[in-house]
Amino acid sequence: NSQPVHPGLVHISNFYQVLNHSSVEEYHQRTQQHQNHSNVMTLDDCIASFIRPEWLDSENKYYCSHCKEHVRATKTVALWRLPNVLVIHLKRFKYTSAFNRSKIETPVDFPVDGLDLKKYSVSSVSASPDIVNDEAPLMYDLFGVTNHYGRMGYGHYTAISRRWSEAGVEPSWAEFDDENVKDINPNSVVSPAAYILFYKRRVFV
């Protein structure tokens, strides 16, 4: 947004293990406006949209301690402290009216190994050692996925995972579908049904 940040504003920065944000929906809407744009988005697209500065509207004014007034300002979310186990919740459902919701079907391509969050961390723009431990790589590997099949109001959940410890992760994957458990091809881990992603940090802190 080209609007200036209010001079009395202190940016609000938070990061939680669960990312439940409208980034999937927003990106999906943008791609509908560009016919030449691929219908598949990436997890990087989601995170970039999640941390993009947001211009607050007149119904969500910020109270400025400098001028003692409620003013319009920008809100920024940044990754401050990153966990050893990271849970990413993709927004798959949206309200289409006051009482109706629908499923967001946009496929999201996410890395199985090597999710690098360094470029999104404040450690890349701040030298403060009290915020992020720069000695530990901000690299993550996937160890589990919750999938949802179906539509809003009905559907089925399955899970896929692989064994892991602080030392690393195993290469083989298994699918858990109610009481049925079977080995699966690692190439099928990334699918449009992905709903919740579970990552472990390569170096625990």
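This passage describes strand pairing, aromatic contacts and one loop residue in a predicted model.

Strand E12 comprises residues 139-151 and strand E13 residues 154-161; the two run antiparallel and are joined by 8 bridges. Together E12 and E13 form a hairpin, with 2 residues between them. Within the turn, glycine 153 has a positive phi of about 100°. Arginine 151 has tyrosine 154, in E13, as its bridge partner. E13 is also joined to strand E16 (residues 173-177), again in an antiparallel arrangement, and here there are 3 bridges. In this pairing, alanine 159 is matched with phenylalanine 176 of E16 as its bridge partner. Strand E13 thus has bridges to E12 and to E16.

The count of aromatic pairs comes to 5. One of them is formed by phenylalanine 143 and tryptophan 164, with 4.8 Å from centre to centre and 40° between the planes, a tilted geometry. This pair links distant parts of the chain, since phenylalanine 143 belongs to strand E12 and tryptophan 164 to strand E14 (residues 164-165), 21 residues apart. Phenylalanine 143 has a relative accessible area of 12% and is therefore buried, the cut-off for that class being under 20%. Tryptophan 164, at 33%, is partly exposed.

Phenylalanine 143 also pairs with phenylalanine 198: the ring centres are 6.2 Å apart and the planes lie at 50°, so this pair is tilted as well. The limits for that class explain the assignment, because planes under 30 degrees apart would count as stacked and those over 60 as edge-to-face. Here too the pair links distant parts of the chain, with phenylalanine 143 in strand E12 and phenylalanine 198 in strand E18, 55 residues apart. The relative accessible area of phenylalanine 198 is 24%, which makes this residue partly exposed. Phe143, Trp164 and Phe198 belong, along with Phe204, to one aromatic cluster.

Serine 191 lies in the loop between strand E17 (180-184) and strand E18 (194-201). E18 is the strand that holds phenylalanine 198 of the aromatic pair described above. With a relative accessible area of 17%, serine 191 is buried. When residues up to four places away in sequence are not counted, serine 191 touches Phe110 and Asn147.

Technical notes: Residues are numbered from 1 along each chain as its sequence is written. This is a predicted model: local features need pLDDT of at least 70, side-chain atom pairs count only at pLDDT 80 or more; totals for chains, interfaces and linings use all residues. Side-chain values use heavy atoms; hydrogens and water are left out. Helices (H or I, at least four residues) and strands (E, at least two) are DSSP runs, numbered from the N terminus. Buried means under 20% relative accessible area, exposed over 50%, partly exposed in between (1.4 Å probe, protein chains only). Contact means heavy atoms within 4.5 Å. Two strands pair if DSSP finds at least two bridges between them. Rings of Phe, Tyr and Trp (its six-membered ring) pair if their centres lie within 6.5 Å; planes under 30 degrees apart count as stacked, over 60 as edge-to-face and the rest as tilted.
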